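Work through the exercises below with the sequence and the coordinates open. Each task is followed by a solution in steps.

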Amino acid sequence: MGVRALLSKPFAAYVHRQNQSWIKHPVEAQQAVFEEIIAKAQATKFGKDHGFGRIKTHADFVKAVPVRDYEALLPYFNLVKQGEKDVLWPGKPLYLAKTSGTTSGTKYIPISSDSISNHINGARDALLAYVHETGKAAFLDGKMIFLSGSPELEEVGGIKTGRLSGIANHHVPGYLRTNQLPSYRTNCIEDWETKLDQIIEETIDQNMTLISGIPPWVQMYFDKLIRQTGKPIKDIFPNFNLFVYGGVNFEPYRKKLFESIGRQVDSIETFPASEGFIAYQDSQTEPGLLLLLNSGIFYEFIPADEYFSENPTRLTIGQVETGVNYALVLSSNAGLWSYSLGDTVKFVSTEPYRLVVSGRIKHFISAFGEHVIGEEVEKAMKLAMQKFKEVELIEFTVAPFVSQNQGQSYHEWLVEFSQKPLNLDIFAEELDRQLRKLNSYYDDLIAGNILQKLKLTPLPKGAFQKYMKSQGKLGGQNKVPRLSNDRSLAEGLLTVTSS
């Protein structure tokens with residue numbers, strides 16, 4: 001056993017003991033976070049605008065601070081981007097994390113000097129929990145790969161700015177950096193296919209023990225390794241025994257990924273976001289992800305069926321129940337205040353508090369990590385129709401098609417026209433071009449050959465009406481979802497139109 005593995009076990013035991021204090025006293029831990037962030041932000045512009053000096057309880061907070069998403073908080077975020085101090089949190093952010101998927105285009109999420117430890121320690125503790133529970137630490141002595149965005153950062157308003165994964169790359173602990181792959185130079189390559197070739201060159205003959213990344217990107221890495229060597233991953237990397245992932249639902253990829261490996265390996269699921277590191281899988285035997293309750297984030301939970309009501313119930317950690325879908329709302333030492341993350345979660349345990357990510361509060365597609373939302377597909381359609389003026393639209397919806405074969409997945413647009421475009425293929429190309437402009441993650445997936453360009457499927461007239469009638473949802477307030485993260489609606493439409 002190497003030095004890293006040897007030392008990790010007492011360190012993992014120490015961190016485990018430290019974490020028990022908040023795991024066993026969750027309500028008190030959250031109350032401490034609440035009081036600390038309110039007190040520290042009193043003198044900020046947001047704190048003054050919302051009377052933080054008068055807030056003593058959660059009930060006071062609910063009255064003073066409404067739940068808002070990124071667009072509703074945009075005036076404050078814009079001031080931060082312009083370089084103003086003391087807007088949402090004291091001083092300036094340490095970083096701005098660029099992310100995508102909103103009506104305002106790219107989001108710039110602040111990461112403060114106080115909140116950076118949440119991102120770094122969350123990932124660290126996920127690995128240490130695994131070491132403590134299983135006793136397996138040999139992976140720390142081998143090479144580890146973190147498939148991530150470029151660590152090169154730009155400046156916006158005098159603040160270092162980039163993708164979260166690139167920012168996190170600058171904070172990999174020194175004791176791991178010596179066995180981290182790929183190299184910094186390779187990580188900075190923007191073109192994915194070029195980068196992937198270089199990653200393979202750097203890793204193919206190494207003792208890879210841990211591989212981490214979003215599943216479809218990891219699968220592409222595996223596919224190329226297998227083509228190049230003619231061997232399964234278990235033979236290329238015989239000591240690879242731990243896969244760490246997050247960002248998308250793993251289930252569509254699980255079968256293909258383990259077939260590529262050639263045997264089962266342990267895995268750790270994480271729940272990272274630009275807004276904060278929310279939870280991680282702390283057990284190989286218990287379901288769900290451990291919610292981090294002492295990490296600078298104060299959580300509120302809105303029953304999902306109340307989310308769009310005028311005054312939804314806002315629960316704290318001691319009030320949640322298992323089996324209920326909640327919209328997740330964050331306030332944090334990054335300067336987010338009653339910020340609607342957009343995710344829904346469901347608790348599977350309250351001793352300790354473990355959850356699963358159950359979906360999104362709004363319709364979306366993120367089968368591959370693209371975070372495409374309804375406003376984006378609607379705008380892409382509008383812009384395409386402005387160019388192809390002969391087109392008249394009745395209804396449309398968008399769904400992912402997940403293929404087990406690399407590069408064969410796509411978004412399918414099922415469209416009912418009253419007047420079709422003169423050339424469906426050219427119209428589909430324009431739709432794809434507009435969506436790529438609107439969503440940088442989708443553009444990355446197309447450029448990286450993980451997704452094909454979208455497939456346009458014209459439906460006969462009356463298709464949507466026939467489908468809604470078959471579901472008992474014709475008329476009234478029932479609406480066809482603009483997009484969905486599975487193929488239930490798509491297959492239903494195709495079935496009723498073929499009958």
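**Exercise 1.** Place His119 in its helix, decide whether His119 is buried or exposed, and list its contacts.

Solution. Step 1: His119 belongs to helix α6, residues 116-134; helices are DSSP runs of H or I with at least four residues, strands are runs of E with at least two, and both are numbered from the N terminus. Step 2: the relative accessibility of His119 is 8%, so this residue is buried. The classes are buried under 20% relative accessible area, exposed over 50% and partly exposed in between, with a 1.4 Å probe and protein chains only. Step 3: with neighbours within four places in sequence set aside, His119 contacts (heavy atoms within 4.5 Å) Ile111, Leu164, Ala273, Ser274, Glu275, Gly276 and Phe277.

The model is predicted: local features need pLDDT of at least 70 and side-chain atom pairs pLDDT 80 or more, while totals for chains, interfaces and linings use all residues. Residues are numbered from 1 along each chain as its sequence is written, and side-chain values use heavy atoms, without hydrogens and water.

**Exercise 2.** Describe how strand β10 is paired and how far it is enclosed.

Solution. Step 1: β10 covers residues 276-280, and 5 of the 5 are buried, so the strand is largely enclosed by the rest of the structure. Step 2: β9 (residues 266-273) pairs with β10 in the antiparallel sense over 4 bridges; pairing requires at least two DSSP bridges between two strands. Step 3: a hairpin of 2 residues connects β9 to β10, and Ala273 has Gly276 as its bridge partner in β10. Step 4: β10 also pairs with β11 (residues 289-291), antiparallel, over 2 bridges. There, Ala279 has Leu291 as its bridge partner.

**Exercise 3.** Give the strand order of the open sheet of 11 strands and identify its edges.

Solution. Step 1: the order is β6-β3-β7-β8-β9-β10-β11-β15-β14-β13-β12, and the pairing is mixed. Step 2: the edges are β6 (180-181) and β12 (297-303); each has a single partner strand, so one side of each has no neighbour in the sheet. Step 3: a parallel pair is β7 (residues 208-212) with β8 (residues 242-246), joined by 3 bridges. Leu210 has Leu242 as its bridge partner in β8.

**Exercise 4.** Which residues touch the most other members of the largest nonpolar core?

Solution. Step 1: a nonpolar core is a set of buried Ala, Val, Leu, Ile, Met, Phe, Trp, Tyr and Cys residues joined through side-chain atoms within 4.5 Å. Step 2: the largest has 82 residues, and Ile278, Tyr299, Phe301 and Trp337 touch the most other members. Step 3: α6 gives the most to this core, 8 residues. Step 4: another core of 54 residues lies apart from it, including Leu196, Ile211, Val218 and Val372.

**Exercise 5.** Characterise Asn19 and Leu445 by element, burial and contacts beyond four places in sequence.

Solution. Step 1: Asn19 is in helix α1 and is buried at 13% relative accessibility. Step 2: Asn19 touches Asp125 and Tyr280. The C-alpha atoms of Asn19 and Leu292 are separated by 9.5 Å, although 273 residues apart along the chain. Step 3: Leu445 is in helix α16, residues 440-447, and is buried at 2%. Step 4: the contacts of Leu445 are Trp217, Phe368, Glu370, Ile450 and Leu451.
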